[in-house]
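Welcome! Please open your viewer and get ready to select a few pieces, one stop at a time.

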Amino acid sequence: MAQTTPNHTQTVSGWAAHDPSGKITPYTFKRRENGINDVTIDILYCGMCHTDIHHVKNDWGITMYPVVPGHEITGLITKVGSNVTKFKVGDRVGVGCLAASCLDCEFCKDEQENYCDQIQFTYNGIFWDGSITYGGYSKMLVADHRYVVHIPENLPMDATAPLLCAGITVFCPLKDNNMLESPGKKMGVIGLGGLGHVAVKFGKAFGHHVTVISTSPSKEKEAKERLGADDFIVSTNVKQMQAGKRSLDFILDTVSAKHSLGPYLELLKVKGTLVIVGAPDKPMDLPSFPLIFGRKGSMTGSMKETQEMIDVCGKYNITCDIETVMPDEINDALDRLARRTMSRYRNRPQN
């Protein structure tokens, strides 16, 4: 493991955290030369994800400092390798969470590389050459073309960036549970943040009756009037939760803070499905009796699914609701993201 190899000759400016304080400061580092399987991308926008907070503060105990966060990247290709055929210079592209996988296991061969045991991520990972990966809080990126997707021409590059993590994370459970082409289901979304607001948009685009479940009564107007949710349940309101008992076919839990799953499982119909996509840094409470209604969670998506998700967003004109911040505002934005006081659901630094 090394920060660079002899092939890392390109000097890049970016922003990094150097210790668990999580403070982001300007950082100059090296990226590899564009290889035969690579594309070089001029980064235009990069979303700010709650995962970035966990990494810069080492909440999960796995951070390799300095860490350059960012895995919701959109930009323009400036160079392509000799083996690359599906991209050309000038293409609008995106890079999400994945940077490398083994390419040979059962998951990689079945286009489910996001479940590969050797998966490496866009930042804080170890690339094939042994170097540490650095993310999208930077001016440019060199990426293997197999982990890059095309961005439809009708989607704006800024509001599309968060789809590369938030979008694919909620899209895959919907696809896996036959929610894309079976309209009319009763769908619940727990949490109306970066993941949740995209889930509501997908649910409505696919023709479902969408109920937002939140601890914040103040979000009801936004959920219904701006995002098109059909119903709203305040999860701390016992009467509302009781009225919603066994009313939902499918629930997507997007909450990133510790919480109990028991009350939400009671909202599911018999044989209903709960999918967890939030990643709290502490174990969630799971009562034993409603466990029969549960189901395992979902971890982002494969590259094929990511391209499919982006194409679906192009079809339905789905993007993320965002707030633009400049690089010198990153620390304040991350703090507001952690405190859930963003004016929109996803930050994205503009380079």
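**Stop one: the sheet**

Begin with the open sheet of this predicted model. Its five strands come in the order β12-β11-β10-β13-β14, and their pairing is parallel. Now find the edges: select residues 231–234 for β12 and 268–276 for β14, each of which pairs on one side only. If you look along the sheet, you can follow its twist, which averages 20° from one strand to the next. What holds strands together in a sheet? Strands pair through backbone hydrogen bonds, and the pairing can be parallel or antiparallel.

**Stop two: a pair of strands**

Select residues 209–214, which form strand β11. This strand runs parallel to β12, and four bridges join the two. Which residue of β12 is the bridge partner of Ser214? Select Val234 to see that partner.

**Stop three: the helices on the sheet**

Next, select residues 166–176 to show helix α4. This helix lies across three strands: β10 (186–190), β13 (248–253) and β14. Compare its direction with that of β13, and you will find an angle of about 155°.

Then add residues 194–205, helix α5. Here the strands underneath to display are β10, β11 and β13, and α5 runs at about 170° to β10.

**Stop four: where the helices meet**

Keep α4 and α5 on screen together. Their axes come within 9 Å of each other and cross at roughly 50°, so the two helices are oblique to each other. To see the contact, show the side of α4 made up of Ala166, Gly167, Thr169, Val170, Phe171 and Leu174. From α5, add Gly194, Leu195, Val198, Ala199 and Phe202. As for handedness, α4 passes α5 in a right-handed crossing.

**Stop five: the cysteines**

Finally, how many disulfides does a search of the whole structure find? The search finds zero. Select Cys46 and Cys49 to see one reason: the closest cysteine sulfur to that of Cys46 is in Cys49, and at 9.6 Å it is too far for a bond. Is Cys46 buried or exposed? Cys46 counts as buried, because its relative accessibility is 1%.

Move on to Cys165, which is in no disulfide either. Its nearest cysteine sulfur belongs to Cys97, 3.9 Å away, while a disulfide needs the two sulfur atoms within 2.5 Å. Cys165 is also buried, with a relative accessible area of 6%.

Terms used
Residues are numbered from 1 along each chain as its sequence is written. This is a predicted model: local features need pLDDT of at least 70, side-chain atom pairs count only at pLDDT 80 or more; totals for chains, interfaces and linings use all residues. Side-chain values use heavy atoms; hydrogens and water are left out. Two strands pair if DSSP finds at least two bridges between them. Axes are lines fitted to C-alpha atoms, for helices over the stretch in contact, and angles run from 0 to 180 degrees between N-to-C directions. Contact means heavy atoms within 4.5 Å. Buried means under 20% relative accessible area, exposed over 50%, partly exposed in between (1.4 Å probe, protein chains only). Angles under 35 degrees count as roughly parallel, over 145 as roughly antiparallel, 65 to 115 as roughly perpendicular and the rest as oblique. A crossing is left-handed if the near helix is turned anticlockwise from the far one by less than a right angle, and right-handed if clockwise.
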